[in-house]
Amino acid sequence: MRIRPRASLGRILDDLGTTVLDVAASPGDLDAEVTGVHIYDPLDELIVPEGAMVLAVGVQGAADVCALLARVPHAAGVVVKLPVDVDERVRAAVLETGVAVLGLTRAASWAQVAALVRSLLAEGDLAEPGEGAHGDLFALANAVCALLDAPVTIEDRSSRVLAFSGRQEEADQGRVETVLGRQVPERYLRLLDEQGAFKRLYQNREPVYIELHDGSVINRVAVAVRAGDEILGSIWAAVHEPLTPQRQRALADAAKVVALRLLHERAGADTQRRLRADLLSTVLAGGADAAEAAGRLGIATARLCVLAAELTGPPGDGARTSGHASDRASDRLSDHLADYAADHARSESERQRFCDALALHVAAIHPKAAAALAGSVAYAVLPLTPGGGEEERAVRVAESFLARVGPRHAANVGVGRLALNLAQVARSRADADRALRVLRTRGASGQAAGYTAVHFESLLLQVSDVAAAEEQAPTGPYQRLLEHDAEHGTELAATLGAYLDAFGDVNLAAARVHVHPNTFRYRLKRLTEIGGLDLSDPDARLTVQLQMRIFGRQH
């Protein structure tokens, strides 16, 4: 069983360093366990769980700090923007409540510090028993910092910061922005790229010294983190001069340790993903095990809607022909199979990235939301607070998701009705599938639909399924029109469809089928005679229109 190492307030401060947070007033040892992050809003009811780090947005002055401390006596710490007004009243309140007051640098946003702390709290999720902080990327970064005597960041292939050491204030403004934003700023990426830094970094297995030739930043030494030929990321140290040979070897060795840690995290993430997918599939299917699975996901008592999302565009690059085509059939078959396997792998990878994006989006709406891929469809369960209009709110969440991923993923989302208990979750999933099918049948892309809004279309599709399964065929006037069209090459069924779609407006219907209104009237007269259809009878119109929807305009 995996256990999470204890995340104390002191450890978080050690990891972040004074670049981000500093202690303004302390009750003594900073060993209080931090269980989460809570953003204070004076307009909301203040319910702070024990061990939370409270981000005191807008709180200024000693009196306000004291008042907040009195309201959160079980918090691990309260964070206030610098400068913090600390007087004897604040110190007394800190000692009385045992809640530390921390100062946040003016350069950091509340969103940034919330993301940083949550990231640190999540660092131990994959640690093996007994590993503790030694398996922690932040601990590794601090260890490398000590070895090199320089502030360090560990980054992925996209220059996103995975972890960083202390002493970042000794670097430059670029490094401070990198740490706060957890991403190397674009202007520094351009600078590194223009000087060929990334090319040198990824072509060498040893650390490379990078002179930036920019007065606002100091130089860097970096090493690629590899697993065989695969590049997992890199380690960057801010230095004023090249490393000694001994420190060069230390950095190269550290890259191997970081590679093992990244591989371990990736394997753990894959395991967690499969576990959540299995649990979510069990919940969606219902049955005896659904309650236990929902409990493990933390949604056993939630009111929720199910979202079903599906890519509408081709996820791969499509089939490609080999550049060295062989005349032998076996070679052509081998090339075809290789292309098929590559396309299949790309499609699966694209669908998984799409599902990951959905999971991230719904998790930002509700921390207990979950998403998993089942075949070609990504399902999400979204807990919703009471208040009415739950399905409409879930549709807005789906529309927001589609707007965010639209440039990268063309997709549709179906939303099921609200499930008030676990017994109704399977129904909500079926609703979402049916709404998604309606969008697919329409040929839509980039759209979201709630089941209620497409209920009748969904019912028609279900009736069409029954008719196809039982090999039923059109009857009555519609059957006679189809047979006449097939025998004589006429378009009487299409004429009837245009007439019904235009609510009997001959001029509009004629324009839609691109014929003169007199021609259209003649065809209309002929189809009533041949089909034996009385267009003045509403039941007759309904019957033929339903048959056209169920069996299609052509049989």
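**View 1. The lining of the largest cavity in this predicted model is made up of nine nonpolar, four polar and three charged residues.** The structure shown here is a predicted model, as are all the close-ups that follow. The largest cavity encloses about 160 Å³ of space, and the count of cavities of 30 Å³ or more comes to one. Of the 16 residues that line the largest cavity, those closest to its centre are Thr 178, Val 184, Tyr 188, Leu 192 and Arg 220. Strand 6, helix 6 and helix 7 (186–194) are the elements that each give two or more residues to this lining.

**View 2. Five strands form an open sheet with antiparallel pairing, in the order 7-6-10-9-8.** At the edges of this sheet stand strand 7 (161–164) and strand 8 (208–210), and because each has a single partner strand, one side of each is left without a neighbour in the sheet. From one strand to the next, the twist averages 25 degrees. Strand 9 (residues 220–227) is joined to strand 10 (residues 230–238) by eight bridges in the antiparallel sense, and Arg 226 is found opposite Ile 231 in strand 10. Helix 6 (residues 173–181) packs on the sheet, where it touches strand 6 (152–156), strand 7, strand 9 and strand 10, and the direction of helix 6 makes about 55 degrees with that of strand 6.

**View 3. Ser 159 is placed in the loop that lies between strand 6 and strand 7.** Although Ser 159 is not a glycine, its phi is positive, at about 65 degrees. The two strands on either side of this loop, strand 6 and strand 7, both belong to the open sheet with the order 7-6-10-9-8.

**View 4. A cis peptide bond is found between Leu 82 and Pro 83.** The omega angle of this bond is about -5 degrees. Pro 83 has its place in the loop that runs between strand 4 (77–81) and helix 3 (88–97).

**View 5. An open sheet of five strands with mixed pairing has the order 12-13-11-14-15.** The edge strands of this sheet are strand 12 (370–374) and strand 15 (448–450), each of which pairs on one side only. The twist from one strand to the next averages 20 degrees. Strand 11 (residues 304–311) and strand 13 (residues 377–383) run antiparallel and are joined by seven bridges, with Leu 307 standing opposite Ala 380 in strand 13. Helix 13 (residues 425–442) lies across strand 11, strand 13, strand 14 (411–415) and strand 15, and runs at about 35 degrees to strand 11.

**View 6. Two stretches of the chain, residues 124–135 and residues 315–327, have pLDDT values below 50.** For the protein as a whole, the pLDDT averages 82, and 87% of the residues score at least 70. Over residues 124–135 the pLDDT stays under 50, and the model has 23 contacts beyond four places in sequence for this stretch. Over residues 315–327 the pLDDT is likewise below 50, and this second stretch has 20 contacts in the model beyond near neighbours in sequence. Predicted coordinates should not be read in detail where pLDDT is low.

Conventions
Residues numbered from 1 in each chain as written. Predicted model: local features only at pLDDT ≥ 70, side-chain atom pairs only at ≥ 80, totals over all residues. Heavy atoms only, no water. Pairing = 2+ DSSP bridges. Helix = DSSP H or I, 4+ residues; strand = E, 2+ residues; numbered from the N terminus. Axes fitted to C-alpha atoms, helices over the stretch in contact; angles between N-to-C directions. Contact = heavy atoms within 4.5 Å. pLDDT = per-residue confidence, 0-100. 1 Å grid on protein atoms, 1.4 Å probe; cavity = no way out; pocket = protein on both sides within 12 Å on 5 of 7 lines; lining within 4 Å. Points joined across faces, edges and corners; volume = space filled by probe spheres on them. Nonpolar A, V, L, I, M, F, W, Y, C, P; charged D, E, K, R; others polar.
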